[in-house]
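The following exercises introduce a protein structure to a new reader. Please study the sequence and the model before attempting each task.

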Amino acid sequence: MKIFVSMKVPRADVELASVISTLDSTIRTAGHEPFIATQEIANAGITSPQAFMPFVREHLATCDLCIVIYHPELRGGLIEVGIAYQRRIPIWLCHKSDENVSSSMLGCADMVLTYNDVNKLAEKLKRELR
C-alpha cells in the first residue's frame, strides 16, 4: 500500500523532523511505501506552487491512504486533504491532544488519531497499519 503523508514543512522544527523520520520508519516496517510529501517535493527540487501542486496531485492519485499530521500552520495539507477526500482516498488525521482542529478537517477524516508525543503516534499507527 502506498501512503501519502501530508504535514507542515519542518523548517528547523526538531519535533516535526522527528515525526517525518518516525512515520517513514513506521510505515516501512509495516510493509508499506511512504510518500512523505514535504521530502518528495524537496527531493524533486520543486519550489513553485505551480509546479508542486500538479506533482502532489499526481502522486496522491496513486496512493491508497492519506495520513495528515495536523499543525495549526498547515496550509498545503488542506488542499491535499480536499484532493484525497474528492478521490475517496481514506484520510487518517493525526493531531496532538491539545490542538483545536477545524470541524471541516475532522469531517473529512475517516480516522482520527490523537497523540502527545511522536512515540505514541508511532504505536497507534503501527496498530492501525496491521
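Contact here means heavy atoms within 4.5 Å. Helices (H or I, at least four residues) and strands (E, at least two) are DSSP runs, numbered from the N terminus. The model is predicted: local features need pLDDT of at least 70, side-chain atom pairs count only at pLDDT 80 or more, and totals for chains, interfaces and linings use all residues. Residues are numbered from 1 along each chain as its sequence is written, and side-chain values use heavy atoms, with hydrogens and water left out.

**Exercise 1.** Determine which residues of α1 are buried and what covers them.

Solution. Step one is the threshold: buried means under 20% relative accessible area, exposed over 50%, and partly exposed in between (1.4 Å probe, protein chains only). By this criterion, Leu16, Val19, Ile20, Thr22, Leu23, Thr26 and Ile27 are the buried residues of α1. Step two is the cover, which includes β1, β2, α2, β3 and α6. By contrast, Ser25, also found in helix α1, counts as partly exposed because its relative accessibility is 40%.

**Exercise 2.** Compare the span of helix α1 with the expected one.

Solution. The expected span is 1.5 Å times one less than the number of residues. For the 16 residues of α1 (residues 14-29) this should give 22 Å, and the end C-alpha atoms are 22 Å apart, so the two agree. Just after α1, Gly31 takes a positive phi of about 90 degrees.

**Exercise 3.** Establish the strand order of the sheet and identify its edges.

Solution. Two strands pair if DSSP finds at least two bridges between them. The 5 strands form an open sheet with parallel pairing, in the order β2-β1-β3-β4-β5. At the edges stand β2 (33-36) and β5 (111-115); each has a single partner strand, so one side of each lacks a neighbour in the sheet. Further in, β3 and β4 pair in the parallel sense over 4 bridges, and Val68 stands opposite Leu93 in β4.

**Exercise 4.** Which residues touch the most other members of the largest nonpolar core?

Solution. A nonpolar core is a set of buried Ala, Val, Leu, Ile, Met, Phe, Trp, Tyr and Cys residues joined through side-chain atoms within 4.5 Å. Of the 23 residues in the largest one, Phe4, Leu60, Cys66, Val68, Ile91, Leu93 and Met105 touch the most other members. Apart from this core lies another, of 20 residues, among them Ile36, Leu65, Leu113 and Val118.
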